[in-house]
Each structure stands twice: as C-alpha cells, then as structure tokens.
Amino acid sequence: MSAPIEKKEKISTRRTYILLSQTLFRLLEEVPFEKISLIQLCDHSMVPRSTFYRYFEDKYDLLYYCLQTFFETADLNKDVVYLKDGKGRKFVSKFIRTVDKHRDSFRRICETNKNGIFMDISRDYLVQILNQKLEDMKAEGCRLKISQPVFTYLLADLYVSMAKCYLELEESFQVEEFVDYMCLFAEREFFQ
C-alpha cells in the first residue's frame with residue numbers, strides 16, 4: 001500500500017514545481033521580478049503558501065531552481081562549457097531554439113524587466129550553476145587557464161547576451177544562421 005502513496009507524492013511534488021515555475025514566468029511577462037510577491041505566485045499557481053515554503057525559501061530560490069533545471073536539461077558537460085569539439089554548437093543551437101520557441105514570452109520578460117534586477121540575478125545564478133559544473137569537472141582533471149570567477153562570469157554573460165541579442169535585433173535571423181554567428185564568435189573567426 002505504501003508504494004502508490006510514494007508515487008503520488010512524487011507526482012504531486014513534480015506538479016507543484018511545474019505550476020510554480022510556469023506561474024513565475026507568466027508573471028515575469030507582466031510584472032518586474034522585484035515587484036512579484038509570494039502572494040501573487042501562490043494565488044496564480046493555486047499553490048498554498050505553506051506548500052510553496054515546503055519546496056522553496058522565496059521567489060529567488062524558485063528562480064534559481066528554474067534556471068538550474070534549464071541548464072541541467074541542456075546537458076552542460078565539459079565540452080559544452082568549454083565550447084569545444086562541436087558540442088558547444090549543439091548547446092547553442094538548443095539554447096537559441098528554446099529562446100525562439102518562446103520568443104514572444106521571452107521578449108515580454110526582457111521588456112518588462114529591462115530596468116530591473118532580473119537579468120543581473122539571472123546572470124549571478126548562472127555563475128553559481130557554472131561554478132558547480134566546473135567543480136565537478138575539476139574532479140575529472142579539467143583545468144582552466146584563466147581565473148574561474150572570470151571565466152564563469154564571462155560565460156554567464158555570454159548566455160544572457162546571446163539570448164538578448166537574438167530577441168532584440170530588429171533584423172530577423174533564422175535559428176541556424178544565428179547559431180553559426182555565435183559559433184564563429186566563440187571560435188574568434190570574426191573576419192573573412
């Protein structure tokens with residue numbers, strides 16, 4: 001009898017994470033991050049505050065979870081993080097395709113949050129995620145030639161800038177064309 005209860009708990013837990021994540025991004029389209037309240041998150045997601053606190057400390061913790069989930073599903077292995085062996089291209093392509101798939105939503109989020117703290121918080125959380133990945137890679141013998149804080153800051157900025165660039169350029173690019181440009185930039189192939 002206990003096995004079905006455990007499965008039910010896992011499904012309800014997963015449902016709660018999804019509801020809260022989706023609600024956060026819907027609200028970000030309309031309200032700057034710093035003005036989103038816990039009451040709004042819970043009311044719009046129909047998740048009680050007590051349940052919210054069972055999973056997250058605050059809205060910052062929820063945002064961190066959302067970003068961490070995205071980058072975990074993006075399979076950030078050492079070749080991707082170091083933009084080596086063509087696998088960086090696979091990640092850039094997946095990243096830009098995700099941005100493109102939700103282009104209108106991400107544009108509204110960027111527009112609504114352009115003067116707020118959302119982009120800085122997102123970049124700071126990406127730095128934390130990349131630092132965790134690099135610590136794991138150190139165990140595998142990977143070493144950086146430059147300072148890890150410099151590398152993770154610049155790489156996080158690259159991801160944020162890449163998304164903003166794709167969304168903000170008036171000239172419309174096809175996904176693969178934009179990915180080609182990003183890869184040429186990463187390879188420092190600026191001129192013909």
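In this predicted model, Thr 152 touches Val 127, Leu 130, Asn 131 and Leu 134, leaving out residues up to four places away in sequence. Thr 152 is found in helix 9, and with a relative accessibility of 1% it counts as buried. Three of these partners, Val 127, Leu 130 and Leu 134, are listed in turn among the buried residues of helix 8. The contacts of Thr 152 are thus a handy place to begin looking at helix 9 and helix 8.

Helix 9 spans residues 148-168. Its 21 residues reach 30 Å from the first C-alpha to the last, close to the 30 Å expected at 1.5 Å a residue. Along helix 9, the buried residues are Gln 148, Phe 151, Thr 152, Leu 155, Ala 156, Tyr 159, Val 160, Met 162, Ala 163, Tyr 166 and Leu 167. These residues cover an arc of only 160° around the axis, so they sit on the same side of helix 9. The face turned away from this buried side carries the exposed residues Pro 149, Leu 154 and Glu 168.

Leu 154 deserves a second look. This residue of helix 9 has a relative accessibility of 51% and counts as exposed; the cut-off for that class is over 50%. Together with Ile 146, Val 150 and Tyr 153, Leu 154 makes a nonpolar surface patch of about 370 Å².

Helix 8 covers residues 118-139. It has 22 residues and reaches 32 Å between its first and last C-alpha, again close to the expected value, here 32 Å at 1.5 Å a residue. Its buried residues are Phe 118, Met 119, Ile 121, Ser 122, Arg 123, Tyr 125, Leu 126, Val 127, Ile 129, Leu 130, Leu 134 and Met 137. Helix 8 is followed by Gly 141, which has a positive phi near 95°.

Among the buried residues of helix 8, Arg 123 carries a charged side chain that is paired: a salt bridge joins it to Asp 124, with the closest N and O atoms 3.3 Å apart. Arg 123 has a relative accessible area of 13% and is buried, whereas Asp 124, at 36%, counts as partly exposed. The pair belongs to a wider arrangement, in which salt bridges that share partners join Asp 120, Arg 123, Asp 124 and Asp 157 into one network.

In total, the structure holds eight salt bridges. Another of them brings together the side chains of Glu 29 and Arg 108, at 2.8 Å from N to O. Glu 29 lies in the loop between helix 1 (2-28) and helix 2 (38-45), and Arg 108 in helix 7 (residues 103-112), so this pair ties together parts that are 79 residues apart in sequence. Glu 29 is buried, at 19% relative accessibility, just under the 20% cut-off for that class. Arg 108, by contrast, is partly exposed, with a relative accessible area of 41%. A further salt bridge links Arg 103 with Asp 100, whose closest N and O atoms are 3.2 Å apart. Here Arg 103 counts as buried at 13% relative accessibility, while Asp 100 is partly exposed at 29%.

Arg 89 offers a view of another part of the chain. It is placed in helix 6 (residues 87-101) and is partly exposed, with a relative accessibility of 33%. Neighbours within four places in sequence aside, Arg 89 is in contact with Glu 176, Val 179, Asp 180 and Cys 183. The C-alpha atoms of Arg 89 and Leu 184 are separated by 9.9 Å, although the two residues are 95 residues apart along the chain.

These local views can be set against the protein as a whole. The protein has 10 helices and zero strands, and from the N terminus on its elements run α-α-α-α-α-α-α-α-α-α. Of its 192 residues, 40% count as buried. Among contacts with a separation of 6 or more, 69% are accounted for by residues 24 or more positions apart. The accessible surface comes to about 12100 Å², and 54% of that area belongs to carbon and sulfur atoms.

Definitions and conventions. Residues are numbered from 1 along each chain as its sequence is written. This is a predicted model: local features need pLDDT of at least 70, side-chain atom pairs count only at pLDDT 80 or more; totals for chains, interfaces and linings use all residues. Side-chain values use heavy atoms; hydrogens and water are left out. A salt bridge is a side-chain nitrogen of Lys or Arg within 4 Å of a carboxyl oxygen of Asp or Glu. Helices (H or I, at least four residues) and strands (E, at least two) are DSSP runs, numbered from the N terminus. Buried means under 20% relative accessible area, exposed over 50%, partly exposed in between (1.4 Å probe, protein chains only). Contact means heavy atoms within 4.5 Å. Accessible areas come from the Shrake-Rupley method with a 1.4 Å probe; for residues, only the protein chains shown count as cover. The expected span of a helix is 1.5 Å times one less than its number of residues. The arc is that of the directions from the helix axis to the C-beta atoms. Patches are made of residues with over 30% relative accessible area and no salt bridge: like charges are joined within 9 Å, nonpolar side chains (Val, Leu, Ile, Met, Phe, Trp, Tyr) within 5 Å.
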